[in-house]
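Visitor: Can you walk me through this one? Keep it brisk.
Guide: Sure, have a look.

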Amino acid sequence: MDGTCFDVPDSRANAAAYSRPSNGSRPAPYPQVRMVALGECGTRSLAGAVFDSFAVGERTLGRRLLAHFAPGMLVTADRGFPSFTLWRDAQATGAELLWRVSDSFALPVNERLSDGTYLSHLKGRRRGERLTVRVVEYTVTTTHTRADGEEEQTSELFCLITTLLEPETAPALELAELYACRWTSETIYRHIKIEQRGGRTATLRSNSPAMVEQELWAMLCVYQALRELVCDAAREHGFPPDHISFKQVLNAAPRSVGTAFSPRTTPPQNP
């Protein structure tokens, strides 16, 4: 689960419906729509999406996505999403959760586990309202080769909370590797916003909120259709979907559609 924003034309109707980000001194030139989507890390398909004005936060939009959560899923999310109520309601869907938390989260150590992770709890507003979570903390060390030797760099501390409480069935290293797959969302949004839409600076074309909504759903439908083509090709040839270039599929699809619906094709006759 992750979010992104789209610029929309600065029409009177759009300006009334959608707010603008600000750098502190002046607002941005275009109003923006915020979208939060649930994407599959393996196929890079979309399981669901919601959108609203930039002023509507990711947590609020994330709550609207809960209808797409289901048992058997492991849902990852970045540190902008966790709150007690959203975690509680997301957990109630039956999906397993693996979310990063910010430094502002107080996570007392309730029990140290065998793999170095620990059990903690999220505290609700009501007295005695608690939810047990398992905490996974780690850093990532990378090695860079330089002319004068190798240099190691260590990342900031990653702090994850999860509903998977047993180290034996959900090892900490595996959870850290799975959380890294969350960056698939950045790839999905790059495909939609840059390769499909036409570039980093391209805005949507619609001058009214109703048409903005229609345009966004159309973009997502096209993206999903292309993902179906990718998955079909991957299944036919027996390799992972991420080994197929989305950009090449995007360029090839219009030729396929043009052939399938050529005006030279004789339509079937009714019996």
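Visitor: What does phenylalanine 69 touch?
Guide: Leaving out residues up to four places away in sequence, Phe69 touches Met1, Leu38, Val75, Ala90, Thr93, Ala95 and Leu97. Contact means heavy atoms within 4.5 Å.

Visitor: What am I looking at, technically?
Guide: A predicted model: local features need pLDDT of at least 70, side-chain atom pairs count only at pLDDT 80 or more, and totals for chains, interfaces and linings use all residues. Residues are numbered from 1 along each chain as its sequence is written, and side-chain values use heavy atoms, with hydrogens and water left out.

Visitor: How many residues has the largest nonpolar core?
Guide: 28 residues, and Met1, Phe69, Trp99, Leu107 and Ile161 have the most contacts inside it. Such a core is a set of buried Ala, Val, Leu, Ile, Met, Phe, Trp, Tyr and Cys residues joined through side-chain atoms within 4.5 Å. Buried is under 20% relative accessible area, exposed over 50%, partly exposed in between (1.4 Å probe, protein chains only).

Visitor: Which elements feed it two or more residues?
Guide: β2 (32-39), β4 (74-77), α3 (84-91), β5 (96-100), β7 (118-123), β8 (130-138) and β11 (158-162). α3 gives the most, with four residues. Helices (H or I, at least four residues) and strands (E, at least two) are DSSP runs, numbered from the N terminus.

Visitor: Switching to the sheet. What's the strand order?
Guide: β4-β5-β11-β8-β7-β6, an open sheet of six strands with mixed pairing. Two strands pair if DSSP finds at least two bridges between them. β4 and β6 (111-112) each have a single partner strand, so one side of each has no neighbour in the sheet.

Visitor: How many bridges join β7 to β8?
Guide: Six, and these strands run antiparallel. Histidine 121 has threonine 132 in β8 as its bridge partner. Their hairpin has six residues between the strands, and glycine 128 there takes a positive phi near 80°.

Visitor: And β8 to β11, how many?
Guide: Five bridges, again antiparallel. Glutamate 137 has cysteine 159 in β11 as its bridge partner.

Visitor: Is cysteine 159 buried or exposed?
Guide: Buried, at 12% relative accessible area.

Visitor: How many disulfides?
Guide: Zero, where a disulfide is a pair of cysteine sulfur atoms within 2.5 Å. For cysteine 41, the nearest cysteine sulfur, that of cysteine 181, is 5.4 Å away. For cysteine 159, the nearest is also that of cysteine 181, at 19 Å.
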